Each structure stands twice: as C-alpha cells, then as structure tokens.
Amino acid sequence: MTELASELPEAVQPADLSDEAEEALRIDVAGLAEQLLGAWASTRHEARELAGRPELHKIEGLSHHEHRERVFAQLKFLVDHKAVHRAYPKEHGGYDDHGANIAGFEELVAADPSLQIKAGVQWGLFGAAVLHLGTEEHHAKWLPGIMSLEIPGCFAMTEIGHGSDVASIATTATYDPEAEEFVIHTPFKAAWKDYIGNAAKDGLAAVVFAQLITKGVNHGVHALFVPLRDPETHEFLPGVGGEDDGIKGGLNGIDNGRLHFDHVRVPRSNLLNRYGSVAPDGTYSSPIASPGRRFFTMLGTLVQGRVSLDGAAAAASKLALTAAIRYSTERRQFNASSDTAEEVLLDYQRHQRRLLPRLATTYAMSFAHEQLLEKFDGVFSGRSDTDKDRQDLETLAAALKPLSTWNALDILQECREACGGSGFLIENRFASLRADLDVYATFEGDNNVLLQLVAKRLLNDYAKEFRTVGVGALAKFALGQAAGVAYKTGLGAVAQFVRDSGRAQRAALALRDEDTQRLLLADRVQTMVAEVAQALHGANRLPQADAAARFNAHQDELIEAARAHAELLQWEAFTEALAQVADPATKTVLTWLRDLFGLSLIEKHLAWYLMNGRLSMQRGRTVGEYINRLLTKLRPHALDLVAAFGYGPEHLRANIATGVEAERQAEAAAYFQAQRESGTAPKLEKHSKSSAGPKSSAGPKPAAGPKSSARSKTPGQES
C-alpha cells in the first residue's frame, strides 16, 4: 500500500511559512478573546467586572472563622448585585438562563474559590435541588428565601460511609401515614452526612437525600427539605445535630460540617416529589418506572456542579498561565549567549516545554467546556431535553470534569515551580489557588469514579454496535468516537499512514496533519475499549463474585480508555473551534497550538503507540522533535495567547504579573551598563589572572551556562 503522506494536499500548511512570514504574524487578540468568552460573552464580562471588585477578593492570612464570615457577607453582595438569579424562574425574579448562570458562576474563581463554591452550595446545589426536584408548590414556598439568602441551606447527600456510592447511603426517610410525616434518621455514625457546605455554621435548612421507605418498601434515594436550625438563635432544632469539619487543605471560607438526624419529623409535603410521590395513605408513585433511571434522573442536579467545576478549573488555569508566562518573558537568568545580558526564561527550550504545552491544554479545555456548557443549556432550558440528551450530558460532564480539574492542579503546580521562589509567595496566588482547587478533583464526583461511568457508557455503545458482528468489524467503531467526524480511512490505513518512510520530513508532515492526529487519538480509544470489551465478554453470565473479580481485573484499563476518550473530545473541540476563526494569522497560530496539544497527547502515550504498532520507532522520535519546532514557532505569540484570556490585574492579583520584574531587570541592566561605560567595573578573577589588559564585564555574575550546572541555581532558589 502506498504511504498516505504522499497524498497530503498541496496547500501550504502553517508550518510551511517562511521565516519572514512567521515573524510578521500577529494574533487578533481582541477577536480571539471574544471567541474564548463563548456564547455567553456578555454574562462573562459582567461576572468578571464583579469578580474584579475588591469587596469579593480573598484576603490571605485570615483565620478560617474570619474567612467564613467574610464569604457569607460576600454572598449577600452577590444577591444585591443580582448575580445569582440567572437560572431561576422568571416568576420568582430569575431569568431562566441556565447557561448564563454557569458562565457567570465559574468566573467567581478569580475572586475567591471559597466564594465560588459557597455560592454553588447555596444556589447551584441547595437551590437547584428545590428547583429541579421540587414542584411549583415547593418553588413558591422556598425559592424566594433561597434566592434572597433568607434561607441559607445545605445539599446533604454525601455520608461518612458512602461518598461516590450515593445509591447505598444509609440515612432513611420512613413514611408515617397516621401523622402524614416522614421520619428522617441516621441509624449509625457512618450514615452521618459529611463534608456538607453550610452545615457547620450558616445552614438553616437542607435538602437531605435518604432512602425513602413506605409500606415496608424501600423505593431508593429521594430528596426532602429538612429545617436544621432556629432562624433566630441559629441553634439546631430538636433531633438535629452536627459537628464542624474544621480547617481544611483549602476553601476555608466554607463552613463544611457533619449532620445527623435522630427521628426528625417533616411533613409529607416536604418530599421534593417531581420524580416520586407518596400519597397520604403511603402509596408510592413515580412518572419514571425504572428505579435505576429514576435514581440517575434525580442525581441530575449534580451535573451542573460538574459543568461549573470544569469551567472554573479552566479559568484558574488561565489565571496561573497568564501570570507565569508574563513573568517568564521578563525574568532573566544565566548569560549563555551574551557576556552582558542574561537570558529571558521563556527563551529556554525547557521553560517552553513546561509552559506552552499546558497553554495548549488550557485552550483545549476552554473550547471543550464551551461545548459542554451549550449542551447543558440545551438540556436544562428544555430545548433538547430527551432521555438521550440527558445521558449524553451526564457522560460529557463526567468525561471533561476529571481532565480539567486534574489539569488545573498540574498547571498550577508547574506554574508555581516555573516562577521559582516568587511562585511560592502567597502574594502571587499559585499556592493559594492550588490549595483551594485541590478538592475539585474529589467533589461533585471523584474523578476516577466519573471516568468509570464514562467507560461503562463506552462499553454499552460498543456492545450495541457489535452485538451481532465479530471483532473484524472493529474499524467501524472508531468512526463513531469523535462525534460528527467522517473518516476516509479505516484502521488498516492508519497503520500504513504512520509507517516509517525513512524520511524525517515526511514523518513531520504526517504528524502535523489534522486527520493523522484524529485517527491516532481515536484509534487509541476504540482499541482500548475493544480490548476491555473482549476481556469482559461473557462476564454477565458468571456468578456475581466472579463477574466482579473479572471487572476489577480490568478496571484500570477501563478508566484509562475513558480518559483517552475525554482527551479526544478536547482535541475535537479545539479543532472545531479553529473552523470558526476568521483572521488568517490567528488561525495559523491556533493551528500550531492545536498541533502542540495533539502531539503532546501522542508523546504522553508514546509507549502505547509504539507497543501497538501505530507508530514506527523513527516516527516516534519525530514526535518530540516536531513539538520542539512548534514551541519555537509559538514562543513569539505566548503573551498574546494569554492576553486573549482577558483577565486584568484586578483578577490576577499576582505581583510578578505587574511588570515589577521588568523594572528590576532594567535597573540591574542600567547599573552594570553604567559600570562598563565608566570603566569602574571590577575585573573577574579568571580574567585578571589570564589577561594583562582589562576586559568589559557585566559585573558580578555566575559562571555561564550549562557547563557550570553543578554550581548554578534554578529560578527562585536564591536565598
């Protein structure tokens, strides 16, 4: 078969530009910034203006008690500025705009992640549960107080003994037909509700998730509105108890705590009964016949939390990269190429390797999040609210939230290290943001558990596709993994396309080709899913213990397949965003950035591609070489690419991003320049011993370059 690289289109690709043409490229920063803002650009502008207000900014160094008081007061500030009502019904003072609500909410991470999450507890979880699980009667009774903060509340789902396994929670809501009341009870300590926002101090009520029992039948997990505290005294009501979770690793502006219930009675009408009702005589009814589907529908309130965390993680990554890249273009260290001037950090290849691929990842996260947000808005607005749409939304959120939250932690850490000792100072926010975002990988669904949900969906899709055909039809499965993409070649062509041609130039041509990247990424997903599916084939006919053991033996592979699927979704979103870019220069630079993202994924999983024969050894070596070429091309555009994120100094609040480092460097350069011009610069010891005459000197400086690495220091290690 002929090498397909020879069949590439003749059109000049971005990498074919001349050096002069590359130097002339300039991104349309304003246009790119608007594209990144997405469909709800005006809402994001409003939210960023609010997030830039000093009244909402985190003050470092407060005790956790002081921080809690400040954040609760900030919630009232949000209410006063009508920043929390977008998702609520118009008849209750809202705007019925679910996408705008999430878009505005996630921007609060720039002000204080504690504020963002506490607002999410109040209006995105507690309020949303009443809105989406309750009826008009519940809306009229409680939504006005929830929206105004008259009723601060909790979302009491997680238990000490059951976190992600919500179906197995042990709190019960047993119906008493004589009193027409539910009896809420936590029978043992592992059933206590834990890690609950607003539980330790502020919550006056909670939406409590419990096993609904009536007429001796357990109908599974349902939600009830349960008062917690006296509005006047803020003391727990009879039968309700709790504890403060205390100081956490981050987000200490939120009063997380534990709740327990000792036969607490609430009226029958407090059951949020949109999906399950109990008649006065105890008869249970539901519009959803399947208990499993009913359970997942009621858990739909968690979806908007996952969507917002995905966006907030992307926003925090943008803040960190903006500060780190600005600093890296000003900070100088080691004079490898000059006797008088030290190198800018971002001119070092290793520094580019640390920051620019993560910049590409953040763009991919941002574009993928916008697609997720549009899907969310379609479902929650009712425009596209079929059962399939909801399942697709759940799967997409479960795929993207893990990657974005893990990526955010990685980006924040690398940016911190790339800024050395300066990055460790709280005034520059890296350490503080990372501490606050640490738990994003855990709440609204543990990341690994969410990816397992995605993997099961992939397996189900695989089973439907190949229920009556053999593994030989596997190539067809690859075509469906990247939505909306029509491939012209199957897996056999993939293998031929990436076969070693003996020419490095042709290898680079193949790797930078969009179809090649897509096929390599999609091929990895479908192959991994197919292998696990084959390994699990017939497990459903085994005894329960044996089936569980077989599944457990392949769990890691399953989760990795889901992660690969999520990476493909991000790459696809980036590629689709490129089609919307009108400015040629911007499109060229973004294409390089997309290629950097795609090839970084391939390099990350290079062992898999080599072991499975998808890349030859020579082409495998070419991946890293081409990434380094892309870094060189992208280096001149780094500042413009972070400028397009659109965050001002009031959002960054990082001293090193203010230009102070450039001022220090200019002062130092002027000092040594004056010494050289006046002839007063002292001679270096090595020159004074080996030379009779004086030589120009930049003043005292470390021994140059890599040759002295044993004696040199990395940025920020000076003490």
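# Charge, packing and helix geometry

Student: Over which ring does the charged end of Arg524 sit?
Tutor: The model is a predicted one. A charge is assigned to a ring when CZ of Arg is within 6 Å of the ring centre and within 35 degrees of the ring normal. For Arg524, the distance to the ring centre is 5.8 Å, and the ring is that of Trp608.

Student: How far is the charged end of Arg48 from the centre of the ring of Tyr647?
Tutor: Arg48 places its charged end over the ring of Tyr647. The distance from that ring's centre is 4.0 Å.

Student: How many residues apart in sequence are the parts tied together by Arg44 and Glu106?
Tutor: A salt bridge joins Arg44 to Glu106, with the closest N and O atoms 2.6 Å apart. Arg44 belongs to helix α3 (residues 41-51) and Glu106 to helix α5 (residues 98-106), so the bridge ties together parts whose separation in sequence is 62 residues.

Student: Is Asp194, the partner of Arg258 in a salt bridge, buried or exposed?
Tutor: The closest N and O atoms of Arg258 and Asp194 are 3.1 Å apart. This pair links distant parts of the chain, with Arg258 in strand β8 (residues 257-261) and Asp194 in strand β4 (residues 193-196), 64 residues apart. Arg258 has 21% relative accessibility and therefore counts as partly exposed. Asp194 has a relative accessible area of 3%, and because the limit for burial is under 20%, Asp194 is buried.

Student: Which residues are linked with Arg594 and Asp595 in a network of salt bridges?
Tutor: Arg594 and Asp595 form a salt bridge, their closest N and O atoms lying 3.0 Å apart. Both of these residues are buried. The network that contains them also links Glu514, Asp515, Arg518 and Glu572.

Student: What is the distance between the end C-alpha atoms of helix α10?
Tutor: Helix α10 (residues 349-381) has 33 residues, and at 1.5 Å a residue it should span 48 Å. The distance in the model agrees with this expectation, at 47 Å.

Student: How many of the residues of α10 are buried?
Tutor: Helix α10 is mostly covered. Of its 33 residues, the number buried is 26.

Student: Against which elements do the buried residues of α4 pack?
Tutor: Helix α4 (residues 64-80) reaches 25 Å from its first C-alpha to its last, close to the expected 24 Å. Its buried residues include Val71, Phe72, Leu75 and Leu78. The buried residues of this helix pack against α3, α6 (113-133), α7 (136-148) and β7 (240-244).

Student: Which helix gives the most residues to the largest nonpolar core?
Tutor: The largest nonpolar core has 172 residues, among which Leu78, Trp123, Tyr363 and Leu641 touch the most other members. The helix that gives the most to this core contributes 16 residues, and it is α9 (residues 301-328).

Student: What is the arrangement of the rings of Tyr671 and Phe672?
Tutor: The whole structure holds 13 aromatic pairs. In the pair of Tyr671 and Phe672, the ring centres are 5.2 Å apart and the planes meet at 75 degrees. Because planes over 60 degrees apart meet the criterion, the arrangement is edge-to-face.

Student: Which residues form one aromatic cluster with Tyr363?
Tutor: Tyr363 is one of the residues that touch the most other members of the largest nonpolar core. Its partners in the aromatic cluster are Phe367, Phe574 and Phe645.

Technical notes. Residues are numbered from 1 along each chain as its sequence is written. This is a predicted model: local features need pLDDT of at least 70, side-chain atom pairs count only at pLDDT 80 or more; totals for chains, interfaces and linings use all residues. Side-chain values use heavy atoms; hydrogens and water are left out. A salt bridge is a side-chain nitrogen of Lys or Arg within 4 Å of a carboxyl oxygen of Asp or Glu. Helices (H or I, at least four residues) and strands (E, at least two) are DSSP runs, numbered from the N terminus. Buried means under 20% relative accessible area, exposed over 50%, partly exposed in between (1.4 Å probe, protein chains only). The expected span of a helix is 1.5 Å times one less than its number of residues. Contact means heavy atoms within 4.5 Å. A nonpolar core is a set of buried Ala, Val, Leu, Ile, Met, Phe, Trp, Tyr and Cys residues joined through side-chain atoms within 4.5 Å. Rings of Phe, Tyr and Trp (its six-membered ring) pair if their centres lie within 6.5 Å; planes under 30 degrees apart count as stacked, over 60 as edge-to-face and the rest as tilted.
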